[in-house]
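Welcome to a short guided tour. Open the structure in your viewer, switch on the side chains, and follow the stops below.

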Amino acid sequence: MIKLYRKENSRQADAIEAGFRDMILGYDRVIIAEQDARQMFGAKTSLPVITNNEKTVSGEEIPTYIEELRDLMRDWQKFQVDACYVDEDERFC
């Protein structure tokens, strides 16, 4: 399960949540203080923090991880219907 640890007021966390909603991605929101995040995730960690099972992402890693999730969700949704997709290199059925 994906969890977003964030401060109450955070534009960056708001943007992450908007991206999750656009992807129709389920997640839990956890409002937490910065000092509590440092205790949980390490002294150099700053909010927001995304966890997904054993994976923890924060800081500069977040945009890359969001793109990975976006690609995963795009592929997941593509193959959840009873249809064929024709790519220039392959045909998916």
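Begin by selecting K7, which is partly exposed at a relative accessible area of 35%. This is a predicted model, so treat each stop as a feature of the prediction. Now add E34 to the selection: its side chain and that of K7 meet in a salt bridge, with 3.8 Å from N to O. K7 sits in the loop between β1 (2–6) and α1 (11–23), while E34 belongs to helix α2 (residues 34–41), so this contact ties together parts 27 residues apart in sequence. Is E34 buried or exposed? With a relative accessibility of 16%, E34 counts as buried.

Next, select E17 and R29. These two form a salt bridge whose closest N and O atoms are 2.8 Å apart. E17 is in helix α1 and R29 in strand β2 (residues 28–31), so the pair links parts that are twelve residues apart in sequence. Compare the two ends as you rotate the view: E17 is buried, at 2% relative accessibility, whereas R29 is partly exposed, at 49%.

For the next stop, move to helix α3 (residues 62–78) and pick D71 and R74, which lie three residues apart, about one turn of the helix. Their salt bridge brings the closest N and O atoms to 3.0 Å. D71 is partly exposed, with a relative accessible area of 35%, and R74 is partly exposed too, at 44%. Then return to E17 and R29 and add R6 and D14: salt bridges with shared partners join these four residues into one network. Across the whole structure, the search finds six salt bridges.

Now hide the side chains and show the strands as a cartoon. Select β1 and look at what surrounds it. Four of its five residues are buried, so β1 is largely enclosed by the rest of the structure. Which strand runs antiparallel to β1? That is β3 (residues 49–52), joined to β1 by four bridges; to find one of them, select I2 and its bridge partner in β3, N52. Then turn to β2, which pairs with β1 in the parallel sense over four bridges. Here you can select R6 together with its bridge partner in β2, I31.

For the last stop, colour β1, α1 and β2 together. What do these three elements make? They make a right-handed β-α-β unit. With that unit still coloured, bring back the side chains of E17 and R29 to see the salt bridge between helix α1 and strand β2 once more.

Notes
Residues numbered from 1 in each chain as written. Predicted model: local features only at pLDDT ≥ 70, side-chain atom pairs only at ≥ 80, totals over all residues. Heavy atoms only, no water. Helix = DSSP H or I, 4+ residues; strand = E, 2+ residues; numbered from the N terminus. Buried < 20%, exposed > 50% of the residue type's maximum accessible area, 1.4 Å probe, protein only. Pairing = 2+ DSSP bridges. Right-handed = clockwise from strand over helix to strand, strands pointing away.
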